[in-house]
Amino acid sequence: MQANLGISVLPYLLVKDSLDRKDISQFQINGIRFQRSFSVIYHQNKYLTESAKDFIALCK
């Protein structure tokens with residue numbers, strides 16, 4: 001929901017449709033770079049299929 005309340009930092013794919021509809025605006029800020037890190041989490045006592053292991057290896 002847009003309410004003209006300020007600025008947010010959101011993932012591009014989350015807001016792509018809103019950007020395409022011109023509901024919101026996007027802009028770059030020089031000198032600032034955002035970086036995310038991800039983790040693969042799984043239950044250590046559960047069986048992992050080969051494809052799950054392959055996926056985890058791909059993510060690393």
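What percentage of the 60 residues in the protein is buried? Keep that in mind while you load the model, which is a predicted one. The answer is 7%.

**Stop 1: the whole chain.** Show everything as a cartoon. You'll find two helices and zero strands. Now switch to the C-alpha trace and turn it along its principal axes: the span is about 50 × 30 × 20 Å. The radius of gyration is 18 Å, where a compact globule of 60 residues would have one near 10 Å.

**Stop 2: the surface.** Turn on the accessible surface, which adds up to about 6,500 Å². Carbon and sulfur atoms account for 53% of that area. Next, colour the charged side chains: there are 8 positive and 5 negative ones, and the centres of these two sets sit 6 Å apart.

**Stop 3: a nonpolar patch.** Select Ile7, Val9, Phe27, Ile29, Ile32 and Phe34. Together they make a nonpolar patch on the surface, with about 690 Å² of accessible area.

**Stop 4: Ile32.** Stay with one member of that patch, Ile32. Look for it in the loop that runs between helix 1 (12-20) and helix 2 (50-59). Its relative accessible area is 48%, so Ile32 counts as partly exposed; the exposed class needs over 50%.

**Stop 5: Asn45.** Follow the loop between helix 1 and helix 2 to Asn45. Asn45 does count as exposed, because its relative accessibility is 63%. For a last pick, draw a distance from the C-alpha of Asn45 to that of Arg21: these residues are 24 apart along the chain, and the two atoms are separated by 46 Å.

Conventions. Residues are numbered from 1 along each chain as its sequence is written. This is a predicted model: local features need pLDDT of at least 70, side-chain atom pairs count only at pLDDT 80 or more; totals for chains, interfaces and linings use all residues. Side-chain values use heavy atoms; hydrogens and water are left out. Helices (H or I, at least four residues) and strands (E, at least two) are DSSP runs, numbered from the N terminus. The radius of gyration is taken over C-alpha atoms; the globule rule is 2.2 Å times the number of residues to the power 0.38. Buried means under 20% relative accessible area, exposed over 50%, partly exposed in between (1.4 Å probe, protein chains only). Accessible areas come from the Shrake-Rupley method with a 1.4 Å probe; for residues, only the protein chains shown count as cover. Lys and Arg count as positive and Asp and Glu as negative; His and the chain ends are not counted. The place of a charge is taken as NZ of Lys, CZ of Arg, CG of Asp or CD of Glu. Patches are made of residues with over 30% relative accessible area and no salt bridge: like charges are joined within 9 Å, nonpolar side chains (Val, Leu, Ile, Met, Phe, Trp, Tyr) within 5 Å. A salt bridge is a side-chain nitrogen of Lys or Arg within 4 Å of a carboxyl oxygen of Asp or Glu.
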